[in-house]
Amino acid sequence: TAIVTLGSAGVAVATEEGWWSEPPHAVDVSDAIGAGDAFLGALAVAVGQGMPLREGVRRANAAGAVAVTRAGGYDAAPTADEIDAMLVRRRPGFGA
């Protein structure tokens, strides 16, 4: 399995079964420092909790998106609730 973060282009994932991509979240970028750490941390938690890879990548992508909206590395790391909120913003019809 290979997972490639693509910044403003989202995430690409390749597995033995095929490949897919996750689109980027539309956010105002403040600082990209820590985005990769937030992504990997969220992915590690998801895998550790037994989530399917696709769900883990979705959560990790959201974590990276939250992280870039803040300055700094460690201080930019999102909480699980903030990741959930970012995922809710992505749902079709949100805010309609």
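Contact here means heavy atoms within 4.5 Å, and with that in mind the tour can begin at leucine 53, which, once neighbours within four places in sequence are set aside, is in contact with Thr1, Ile3, Val13, Thr15, Trp20 and Leu43. The model on the screen is a predicted one, and the stops below move from the whole chain to its strands and then to single residues.

**The whole chain**

Show the chain as a cartoon and follow it from the N terminus, where the order of elements reads β-β-β-α-α-α, giving three strands and three helices. Reduced to its C-alpha trace, the chain spans about 35 × 35 × 25 Å along its principal axes. Its radius of gyration is 13 Å, which agrees with the value near 12 Å that a compact globule of 96 residues would have.

Switch to a surface next: the accessible surface of the chain comes to about 5,800 Å², and 57% of that belongs to carbon and sulfur atoms. Of the 96 residues, 33% are buried. If you colour the charged groups, you will be looking at 7 positive and 11 negative charges, whose mean positions lie 7 Å apart. Among contacts between residues at least 6 apart in sequence, 55% join residues at least 24 apart.

**The strands**

Select residues 2-5 and 11-15, which are strands β1 and β2; they run antiparallel and are joined by four bridges. Within this pair, valine 4 stands opposite alanine 12 of β2. Moving to the turn of the hairpin, you will find five residues between the two strands, and among them glycine 7 takes a positive phi near 60°.

Now add residues 18-22, strand β3, which pairs with β2 in the antiparallel sense over five bridges. The hairpin formed by β2 and β3 has two residues between its strands. Two facing positions are worth labelling in this pair: valine 11 stands opposite glutamate 22, and alanine 14 has tryptophan 19 as its bridge partner in β3.

Keep β2 selected and show its side chains. In a regular strand the side chains alternate between the two faces of the sheet. In β2 the covered face carries Val11, Val13 and Thr15, whereas Ala12 and Ala14 make up the uncovered one.

**Two stops on helix α2**

Return to leucine 53, whose place is in helix α2. With a relative accessibility of 29%, leucine 53 counts as partly exposed, because that value falls between the 20% below which a residue is buried and the 50% above which a residue is exposed. Its contacts include Val13 and Thr15, two residues of the covered face of β2. For a distance to draw in the viewer, take the C-alpha atoms of leucine 53 and glycine 41, which are 12 residues apart along the chain and separated by 14 Å.

Select asparagine 61 next, also found in helix α2. Is this residue buried or exposed? Asparagine 61 is buried, since its relative accessible area of 8% is under the 20% cut-off. Show what surrounds its side chain and backbone: apart from neighbours within four places in sequence, asparagine 61 is in contact with Val11, Glu22, Pro23, His25, Phe39 and Arg90. Val11 and Glu22, both on that list, are the residues that stand opposite each other in β2 and β3.

**The loop between α2 and α3**

Finish in the loop that lies between α2, residues 53-67, and α3, residues 80-90, where alanine 71 is located. Alanine 71 is exposed, with a relative accessible area of 55%. Not counting residues up to four places away in sequence, alanine 71 touches Ser30, Asp31 and Ala76. Draw the distance between the C-alpha atoms of alanine 71 and aspartate 31, and the viewer should give 5.0 Å for two residues that are 40 apart along the chain.

Tyrosine 74 is found in the loop between α2 and α3 as well. Here the relative accessible area is 77%, and tyrosine 74 therefore counts as exposed, the cut-off being over 50%. A last distance joins tyrosine 74 to glycine 34: they are 40 residues apart in sequence, and their C-alpha atoms are 6.8 Å apart in space.

Technical notes: Residues are numbered from 1 along each chain as its sequence is written. This is a predicted model: local features need pLDDT of at least 70, side-chain atom pairs count only at pLDDT 80 or more; totals for chains, interfaces and linings use all residues. Side-chain values use heavy atoms; hydrogens and water are left out. The radius of gyration is taken over C-alpha atoms; the globule rule is 2.2 Å times the number of residues to the power 0.38. Buried means under 20% relative accessible area, exposed over 50%, partly exposed in between (1.4 Å probe, protein chains only). Accessible areas come from the Shrake-Rupley method with a 1.4 Å probe; for residues, only the protein chains shown count as cover. Lys and Arg count as positive and Asp and Glu as negative; His and the chain ends are not counted. The place of a charge is taken as NZ of Lys, CZ of Arg, CG of Asp or CD of Glu. Two strands pair if DSSP finds at least two bridges between them.
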